[in-house]
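Welcome, and please open the model in your viewer. We will go from selection to selection, with a short note at every stop.

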Amino acid sequence: MRMSLLRSASQHLRRRRDYSSASASPERKVAILGAAGGIGQPLALLMKLNPLVSSLSLYDIAATPGVAADVSHINTRALVKGFVGDDQLGEALEGADLVIIPAGVPRKPGMTRDDLFKINAGIVKGLCTAIARHCPNALVNMISNPVNSTVPIAAEVFKKAGTYDEKKLFGVTTLDVVRAKTFYAGKANVPVTGVNVPVVGGHAGITILPLFSQATPASNALSHEDLLALTKRTQDGGTEVVEAKAGKGSATLSMAYAGAVFGDACLKGLNGVPDIVECSFVQSTVTELPFFASKVRLGKSGVEEVMGLGELSALEKEGLESLKGELLSSIEKGVKFAQES
Ligand SMILES: NC(=O)C1=CN([C@@H]2O[C@H](COP(=O)(O)OP(=O)(O)OC[C@H]3O[C@@H](n4cnc5c(N)ncnc54)[C@H](O)[C@@H]3O)[C@@H](O)[C@H]2O)C=CC1
Ligand SMILES: O=C([O-])CC(=O)C(=O)O
């Protein structure tokens, strides 16, 4: 009798603990735009697994009901709803704390990210116009390429709508960091789980600048040639996948992982978890360029601090100077498109 009373009391306490830890995490609605795509589907899966998400809104121009029905059966916290087509975009966005955008066309072999501008610029503009109307306070994680132009497009759309807050707009460059960590760990022969490498600049070719001189744990086993090769492989990581997929698109699974890592960091920041730092392409005064990727401290209203570049090696200083021209012209192209269309 005593034993069973003790058992039931301890079960009761355990249930209370479970309840209180769930209720300690605030309600957070995450919307994914482009949720039925190559990135969108695995990203929807990963965000459904994230205990910080209470509501997951999956939007695309087609096929979201199936994706939503599928993901919704997973026994985790987030309630999942699918939305399809323009008419349902407003409802998909209403009340969102975080909007993640992997909508748009991917590259095929032989294309640059800038070749996607023609189609994706219009898609991003339309989606951002809806965000300004339906969830102007949400954090926006821009995945659609070319990120160096789509982020400035989003900023211009929000400015026109009178809702722009530079603390809430992020170009997702996490995949560059994910790659730099993996490639560095392989070359330096250190366990990848403890590795960190900042990646700054932008998200295309030479605008991607990994700072291996700041990699942790530090390695003195790497030659100048090793560092050149690591830098080039990180810059060409997207192309490596595009070529391997041979016409069937670009990185989707590693991008979904990277998008989920960055989305999780944004949610932790919103929830007041201290010391959340990730690299991201944001409005910046770190260089003379109006947008630039660097380490960013995330907080309750988005960007809390855009951190400086720290000390650069001679190789990195050279890389920084040579990326500025291309990055600035991609930024200006985005601004011009948004202002003129
Ligand atoms: N930032 C980064 O590091 C990376 C960015 N990307 C970019 O992400 C984008 C998506 O790539 P994937 O998922 O592989 O392409 P995908 O073609 O597989 O999926 C794109 C999805 O967007 C949807 N879509 C098109 N127009 C839309 C609209 N107006 N509203 C909502 N959804 C719309 C499509 O129906 C499709 O389901 C591409 O632009 C790609 O270049 C890809 C990898 C890494
Ligand atoms: O390379 C692409 O087109 C997709 C992308 O941005 C990446 O994988 O980094």
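## Stop one: the ligand

Select His203 and ligand 1 together: a polar side-chain atom of His203 is 3.0 Å from an oxygen atom of the ligand. That is a polar contact, meaning a pair of N or O atoms within 3.5 Å; within protein, one must be able to donate a hydrogen and the other to accept it, and residues adjacent in sequence count only if both atoms are side-chain atoms. Of the 870 Å² of accessible area that ligand 1 has on its own, the protein covers 85% (Shrake-Rupley method, 1.4 Å probe; for residues, only the protein chains shown count as cover).

A word on what you are viewing: this is a predicted model, where local features need pLDDT of at least 70 and side-chain atom pairs count only at pLDDT 80 or more, while totals for chains, interfaces and linings use all residues. Residues are numbered from 1 along each chain as its sequence is written, chains are lettered from A and ligands numbered from 1 in the order in which they are written, and side-chain values use heavy atoms, with hydrogens and water left out.

Now add the backbone of Gly104 and Val105. A polar backbone atom of Val105 lies 2.9 Å from an oxygen atom of ligand 1, and one of Gly104 lies 3.2 Å from an oxygen atom of the ligand.

## Stop two: the shell

Which residues are the closest to ligand 1? They are Gly38, Ile39, Asp60, Val105 and Asn145, out of 28 that surround the ligand (a heavy atom within 4 Å). Colour the shell by class and you will find 17 nonpolar, ten polar and one charged residues; Ala, Val, Leu, Ile, Met, Phe, Trp, Tyr, Cys and Pro count as nonpolar, Asp, Glu, Lys and Arg as charged, and the others, Gly among them, as polar.

Next, show helix 5, which gives the largest share of this shell, three residues (helices are DSSP runs of H or I, at least four residues; strands are runs of E, at least two; both are numbered from the N terminus). Domain 1 (29–172) and domain 2 (174–331) each supply at least three shell residues; the bounds come from an automatic or database domain assignment.

## Stop three: the backbone

Return to Asn145 and select Pro146 too: the peptide bond from Asn145 to Pro146 is cis, with omega near -5°. Pro146 sits in the loop between strand 5 (139–142) and helix 6 (147–161).

Another cis peptide bond joins Thr216 and Pro217, with omega about -5°. Look for Pro217 in the loop between strand 8 (208–210) and helix 8 (224–235).
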